[in-house]
Amino acid sequence: MSAKPIEDPSPDILARLGEGDPGAAEECLDRYGAMVWSLARRFSPSPSDAEDAVQEIFLAVWKNAARFDPAKASEPTFINMIARRRLIDLHRHKQRRPEATSSELELETMVDQRSGEIEARAEMRLASRAIKDLRQVERDAILLSTYHGMSHREISQNMDLPLGTVKTYIRRGLNRVREQLETIG
Amino acid sequence: MSESTSFTAEILETSASAYAGCAAHLFLEQNPEIADESSRGDLRTWKSHLTHRVLELSAAVGAEEPAIFAARLQWAGKAFDARDMKTRDLRSSLACLREVLAEELPEIARETATSYIDSALDAFDQPPSKPAMGSGLDPANPTDRLALQYLQAALEGDSPHAVDIVIAATEDSLSVQDAYLKILLPAQQEVGRLWHTGDLRIAEEHLVTTTTERVMSILAYRSTALAAAGSVALPSTAHGKTVLSATVAGNTHHLAVRVLADFFEMAGWRSICLGANVPPSDLATAVVYFDADLLMLSAALSTQIKMARQTIEEVRQLPDRTTKILVGGSGFNDAPELWQRIGADGHALTADSAVTLGAQLVGLGSSDP
């Protein structure tokens, strides 16, 4: 059983958005909508909150697309960063509102824990380098999980691999990345 | 259309509710006294109002016609007025939308979007050039009186009586065309006016429209049956040309194209009416299938212009076809030259002028309904 090669998304959507190319926004939504939705849903208390969050995230993508530099990050990474920052902002904003519920506060705590990781750009660059050194199948599984927001079951279908094998690839791959980071650190 | 305006229109349309949401938040933050009033301060209501405005702005930018957005804002102002909502709230919500767009849009899109809002706000601040909307029906005029009687019967749910009023008039001396032009259409326009001024609800508008459809079916049947029986002369000699009528995808108002289709039929055309909300590719397929010489396309709102353009492009791509395309509907009324820019061959304001223009476009010379 061999894994399907993952198509490397053409890296020019953000550049085209930045130049005001008609059609680029819809293409961007098509390509990254699921990834952003997956993130928003994870950090939002309800589907309708997640929908609002997705819309706001894409406003930020449109606004910041011209600043995208492919030498510093890939498109999915750039959008992922924007999404996470906007989600943190949204939860902080909700916390200031008197009607914020305890579950919202718990969610914000979760997001805050992740914000430390997000802001550690140097660490991310190292992680990115470490991911590149992984075996192809491990790298594909991790990218589908982290960049594209797929569940393990979706990855299993996409790569035509048993669910248990996908979990193993991801666990092993992440362990190897962690080891590499510890070695460098 | 330039790439920059096309991009700006696309971004506005794609993220309309998100920009509207930001503007609604800002508006209620800046106007805490409104936020405190439950009837006026509902975030969802303001977001919905502003989403409409962003979509209208997108349509205007996409058509490169600032006048479209200015006209829609004037229209919204009258609707606010009629529903005892404050037009100054509408104005300041628009100012908030401008602020949000100036901050949040990609830099390349900001200038166009904000300049359209600025010119619409300037026009909004001018004293109205037309008096407040009053009824166009005069009870002293015999056909207007019939239209009012028809409307009253329809609104009371007495459809049989409403039908009788129109049929009796045609049996007396009124032509079928005049029954459309002088009773049914003025009654429908009055319904639109009453809805706009808040004096009629959607259910009542639907009630009248359903009754009008019933009358039109009866009139069409009677015209055909009477002509077949030789009781009346055919309105016009058949000339073998085919017209296809439809509203663009997204436009659910089908009555106008039904009227047009009937007028073309009475003028001797083979008239095919596809009704409302027809997707571009399906319409193009129908043009081929029915071998249409003329396509009559209706868009009721400025936000449907983009779809009209797409539909026209789809039909133009058909190989070896010379189908002429006429457009109509209130979506085109705020920008007189718009029909040319979206690739149509003509624009008609009324049913009878559509028949005349349609005949000219397919080389029939004049064609009286």
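Student: Before we look at chain B, what counts as a helix or a strand here?

Tutor: Helices are DSSP runs of H or I with at least four residues, and strands are runs of E with at least two. By that rule, chain B of this predicted model has 16 helices and five strands.

Student: What makes chain B as compact as a globular protein of that length?

Tutor: Set one value against the other: the radius of gyration is 23 Å, and the globule rule gives 21 Å for 369 residues. Those are close, so chain B counts as that compact. As for its extent, the C-alpha trace spans about 70 × 50 × 30 Å along the principal axes.

Student: Why is B:A71 called buried?

Tutor: The cut-off is 20 or more other C-beta atoms within 10 Å. B:A71 has 20, so it is buried. Across chain B, buried residues make up 44% of the 369.

Student: Where does B:A71 sit, and what is the separation between B:A71 and B:N333 in sequence and in space?

Tutor: B:A71 is in helix α5 of chain B, which covers residues 66-82. B:N333 is 262 residues away from B:A71 in sequence, yet their C-alpha atoms are 9.6 Å apart.

Student: What share of contacts in chain B join residues at least 24 apart?

Tutor: If you take contacts between residues at least 6 apart in sequence, it's 73%.

Student: Which domains does the assignment give for chain B?

Tutor: Domain 1 is 3-125, domain 2 is 142-228 and domain 3 is 242-361. The C-alpha centres of domain 1 and domain 2 of chain B lie 37 Å apart.

How values were computed
Residues are numbered from 1 along each chain as its sequence is written. Chains are lettered from A and ligands numbered from 1 in the order in which they are written. This is a predicted model: local features need pLDDT of at least 70, side-chain atom pairs count only at pLDDT 80 or more; totals for chains, interfaces and linings use all residues. The radius of gyration is taken over C-alpha atoms; the globule rule is 2.2 Å times the number of residues to the power 0.38. A residue is buried if 20 or more other C-beta atoms lie within 10 Å of its own, exposed if 12 or fewer, and partly exposed in between; C-beta atoms are placed from the backbone. Two residues are in contact if their C-beta atoms, placed from the backbone, lie within 7 Å. Domain bounds come from an automatic or database domain assignment.
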